[in-house]
2 protein chains.
Amino acid sequence: MDIPAWRSKIDSLDEQIVQLISQRAQAAKAIGDLKRTANLPVYEPSREQHVLNHVRAANPGPLPDAELLHIYERIIDVMRTLQRRDEK
Amino acid sequence: MDIPAWRSKIDSLDEQIVQLISQRAQAAKAIGDLKRTANLPVYEPSREQHVLNHVRAANPGPLPDAELLHIYERIIDVMRTLQRRDEK
């Protein structure tokens with residue numbers, strides 16, 4: 001495969017990644033609403049640690065765990081902001 | 001759905017996201033090898049702009065574009081590091 005062919009594959013992967021991140025955001029929003037109703041805090045360190053451990057365990061490579069977690073720290077950060085923004 | 005049910009859905013989405021990010025990394029690695037052979041630079045601002053525009057166009061919500069791009073800036077950054085690390 002040449003560079004344009006790999007890039008076309010990346011574009012297609014990105015479309016799927018965007019769909020899944022958006023579904024994840026939808027779920028985070030739903031959890032945010034439930035937390036608000038139950039007066040639970042948005043920030044739950046033990047749940048965030050679970051997510052990071054789960055991602056590390058699922059990593060097939062070639063990214064080193066640290067780099068994948070670097071991406072996930074950003075994902076978690078954005079989802080936390082989303083849950084907070086919806087607070088009345 | 002209650003909070004544990006949404007979290008179980010998130011765990012399953014994360015497994016799929018990790019697989020796709022890993023496939024994306026595999027493609028980025030292949031492009032890095034081809035660039036090296038052809039003496040092309042790792043950093044190509046016009047390609048990175050294309051990726052961000054493509055992601056913005058594919059965004060179905062609920063994340064605002066800015067938040068999704070915030071995640072993608074991290075993904076691009078990690079992929080660029082991966083391409084550089086493999087330089088001999």
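**Figure 1. Asn39(A), an exposed loop residue in a predicted model****.** With a relative accessible area of 72%, Asn39(A) is classed as exposed, and this value, like every other in these legends, comes from a predicted model. Asn39(A) sits in the loop that joins helix H1 (3-37) to H2 of chain A. Its backbone has a positive phi, near 55 degrees, in a residue other than glycine. In chain B, Asn39(B) likewise has a phi near 55 degrees, again a positive value in a residue that is not glycine. Asn39(B) is placed in the loop between H1 and H2 of chain B, and Asn39(B) counts as exposed because its relative accessible area is 72%, which lies over the 50% cut-off.

**Figure 2. The cis peptide bonds that precede Pro62(A) and Pro62(B)****.** In chain A, the bond between Gly61(A) and Pro62(A) is cis, with an omega of about 5 degrees, and Pro62(A) belongs to the loop between helix H2 (45-58) and helix H3 (65-85) of that chain. In chain B, a cis peptide bond runs from Gly61(B) to Pro62(B), where omega is near 5 degrees, and Pro62(B) is located in the loop between H2 and H3 of chain B.

**Figure 3. The fold of chain A****.** Chain A contains 3 helices and 0 strands, which follow the pattern α-α-α when read along the sequence. The C-alpha trace of chain A spans about 55 × 25 × 15 Å along its principal axes, and the radius of gyration of chain A is 16 Å, whereas a compact globule of 88 residues would have one near 12 Å. Of the 88 residues in chain A, 50% are buried. Among the contacts within chain A that join residues at least 6 apart in sequence, 65% are between residues at least 24 apart.

**Figure 4. A salt bridge between helices H2 and H3 of chain A****.** The side chains of Glu48(A) and Arg80(A) form a salt bridge, with an N to O distance of 2.9 Å. This pair links distant parts of the chain, since Glu48(A) lies in helix H2 of chain A and Arg80(A) in helix H3 of chain A, 32 residues apart. Both partners, Glu48(A) and Arg80(A), are buried.

**Figure 5. The contact between chain B and chain A****.** Each side of the contact is made up of 55 residues, from chain B and from chain A, and the area buried between the two chains is about 5300 Å², with 69% of it contributed by carbon and sulfur atoms. Between chain B and chain A there are 18 residue pairs in polar contact, both residues of a pair being at pLDDT 80 or more. On the side of chain B that touches chain A, helix H1 (3-37), helix H2 (45-58) and helix H3 (65-85) of chain B each supply at least two residues, and H1(B) gives the most, with 27 residues. Sorted by class, that side of chain B has 30 nonpolar, 11 polar and 14 charged residues.

**Figure 6. Salt bridges of Arg47(B) and Arg47(A) across the contact****.** Salt bridges between chain B and chain A number 8, while a search of the whole structure finds 16 over all chains. In one of those that cross, the side chains of Asp11(A) and Arg47(B) meet with an N to O distance of 3.3 Å, the pair reaching from helix H1 of chain A to helix H2 of chain B. Arg47(B) is counted as buried because its relative accessible area of 13% is under the 20% cut-off, and Asp11(A) is buried as well. Besides Asp11(A), Arg47(B) touches Arg7(A) and Ile10(A), leaving aside residues up to four places away in sequence. A salt bridge also forms between Asp11(B) and Arg47(A), whose closest N and O atoms are 3.2 Å apart.

**Figure 7. Arg36(B) and Asp33(B) in helix H1 of chain B****.** A salt bridge joins the side chains of Arg36(B) and Asp33(B), at 3.0 Å from N to O. Because the two residues are 3 apart in helix H1 of chain B, Arg36(B) and Asp33(B) are separated by about one helical turn. Arg36(B) is partly exposed, at 26% relative accessibility, and Asp33(B) is also partly exposed, at 38%. Elsewhere, salt bridges with shared partners connect Arg7(A), Lys35(B) and Glu44(B) into one network.

Technical notes:
Residues are numbered from 1 along each chain as its sequence is written. Chains are lettered from A and ligands numbered from 1 in the order in which they are written. This is a predicted model: local features need pLDDT of at least 70, side-chain atom pairs count only at pLDDT 80 or more; totals for chains, interfaces and linings use all residues. Side-chain values use heavy atoms; hydrogens and water are left out. Contact means heavy atoms within 4.5 Å. Buried area is the accessible area (1.4 Å probe) that two parts lose on being put together, summed over both. A salt bridge is a side-chain nitrogen of Lys or Arg within 4 Å of a carboxyl oxygen of Asp or Glu. A polar contact is a pair of N or O atoms within 3.5 Å; within protein, one must be able to donate a hydrogen and the other to accept it, and residues adjacent in sequence count only if both atoms are side-chain atoms. Helices (H or I, at least four residues) and strands (E, at least two) are DSSP runs, numbered from the N terminus. Ala, Val, Leu, Ile, Met, Phe, Trp, Tyr, Cys and Pro count as nonpolar, Asp, Glu, Lys and Arg as charged, and the others, Gly among them, as polar. Buried means under 20% relative accessible area, exposed over 50%, partly exposed in between (1.4 Å probe, protein chains only). The radius of gyration is taken over C-alpha atoms; the globule rule is 2.2 Å times the number of residues to the power 0.38.
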